[in-house]
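Hi everyone, thanks for making time for this. Let's take a slow walk through one model together, and please have the picture open while I talk.

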Amino acid sequence: MSEIDYILDFAVNLGKQELLSGATLERVNETVGVVCHSYGLHDVSVFSLSSILIVSAKNAQGTAASRQVMIPAAGIHLERLRSLNELYHSICREKPDPATLRGRLREVMSVKEYPEAVVILGNLLATASLTFIFGGTARDALAAMVNMFVLYWLLKLIGTSGINKIISNILCTLVEGTLAILLVRIGLAQNYFIVIIANTMLIIPGIPMVNAMRNLLCGNEMNGILQFFRVLIESAALASGLVLSIYIFGGLILW
């Protein structure tokens, strides 16, 4: 492989991993472009959507090359995104041998992962805190924590099955809403809607919405509009699951 091949391989895969970790398309375009320019490439062209990333460039001798990668469904991993940003800055500053770039990217992908027990505990504490913020009682907080524990494992199961995000949102809130109704029915919870709001706040696509608005405000209108409508549809799916649970099982409790 020539130097330009190594550089473009690294740039396009760095951009892909940033998107998968929650970066905005504007940020990815900047990252890919700056990496290419730092190695002396010119006529750099970057095209990105939430599902595809394409980059092309020429070296000093006029040799042209391009790379294209498909982007699977993205998530949020802020620690990995931080490591990728540090790698980006160090590469542009040090300009190491292009042949070593792939190994450098592989190294930063092995970021620290918190033990599952710590992640679950964090979710439970956040859920309890939200319950109290919204005016719930200790019983509501306990019910919301039970609901979140079930929801955590359900989300993990769905994440490994490859189910469409819209369908998974409907399934999650259907289970969440049904369980909340049952918890009110048996007397563990007192305020159904407080329990539901506390649980749903942790699965609302907040960061994707911020990214969509940032793309709209920074000149990436097409990407921003696509992301914005995707967030709206996913949010509507969350509401649909809750409405469905109330429609089916709402008669078990007095509103």
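Let me start with helix 8, where the buried residues are Tyr192, Ile194, Val195, Ile196, Ala198, Asn199 and Thr200. One thing to keep in mind as we go is that this is a predicted model. Helix 8 spans residues 192–200, and with seven of its nine residues buried, this helix is mostly covered. So what covers the buried residues of helix 8? The cover includes helix 5 (116–133), helix 6 (138–161), helix 7 and helix 10.

Two of those helices deserve a look of their own. Helix 7 covers residues 165–185 and helix 10 covers residues 221–249; their axes come within 7 Å and cross at roughly 35°. The crossing is right-handed. On the helix 7 side, the contact residues include Ile166, Ile170, Leu174 and Ile181. From helix 10, Ala237, Leu238, Gly241 and Leu242 are among the residues that take part. Sorted by character, the residues of this contact are eleven nonpolar, six polar and three charged.

Staying in this part of the sequence, let's find Gly206. Gly206 sits in helix 9, which runs over residues 206–217. Is Gly206 buried, exposed or partly exposed? Gly206 is partly exposed, because its relative accessible area is 37%, and the cut-offs are under 20% for buried and over 50% for exposed. Gly206 also lies 9.8 Å from Ser235, C-alpha to C-alpha, with their places 29 residues apart in sequence.

Now let's move to the sheet. There are three strands in the order 1-2-3, the sheet is open, and the pairing is antiparallel. Strand 1 (42–48) and strand 3 are at the edges with a single partner strand each, so each has one side without a neighbour in the sheet. From one strand to the next, the twist averages 5°.

How many bridges join strand 1 to strand 2? Five bridges do, and Ser45 stands opposite Ser56 in strand 2. Helix 2 packs on this sheet, where helix 2 touches strand 1 and strand 2, and its direction makes about 160° with that of strand 1.

On the other side of our strand list, strand 2 and strand 3 pair over seven bridges, again antiparallel. As an example, Val55 has Arg67 in strand 3 as its bridge partner. The hairpin of these two strands has five residues between the strands, and there Gly62 takes a positive phi near 90°.

Last stop: the nonpolar cores. As a bit of background, in soluble globular proteins nonpolar side chains tend to be buried together. Here the largest nonpolar core has 31 residues, and Leu8, Phe10 and Leu14 touch the most other members. Elements that each supply at least two residues of this core include helix 1 (3–21), helix 2 (25–38), strand 2 (52–58) and strand 3 (64–70). Which element gives the largest share? That is helix 1, with eight residues.

Let's zoom in on Leu14. Setting aside neighbours within four places in sequence, Leu14 is in contact with Thr31, Val35, Leu84, Leu87, Tyr88 and Leu105. There is also a second, separate core of eleven residues, which includes Ile181, Leu183, Tyr192 and Val195. And that brings us back to where we began, since Tyr192 and Val195 are among the buried residues of helix 8. Thanks for listening!

Definitions and conventions
Residues numbered from 1 in each chain as written. Predicted model: local features only at pLDDT ≥ 70, side-chain atom pairs only at ≥ 80, totals over all residues. Heavy atoms only, no water. Helix = DSSP H or I, 4+ residues; strand = E, 2+ residues; numbered from the N terminus. Buried < 20%, exposed > 50% of the residue type's maximum accessible area, 1.4 Å probe, protein only. Core = buried A, V, L, I, M, F, W, Y, C linked by side-chain atoms within 4.5 Å. Contact = heavy atoms within 4.5 Å. Axes fitted to C-alpha atoms, helices over the stretch in contact; angles between N-to-C directions. Left-handed = near helix turned anticlockwise from the far one by under 90°. Nonpolar A, V, L, I, M, F, W, Y, C, P; charged D, E, K, R; others polar. Pairing = 2+ DSSP bridges.
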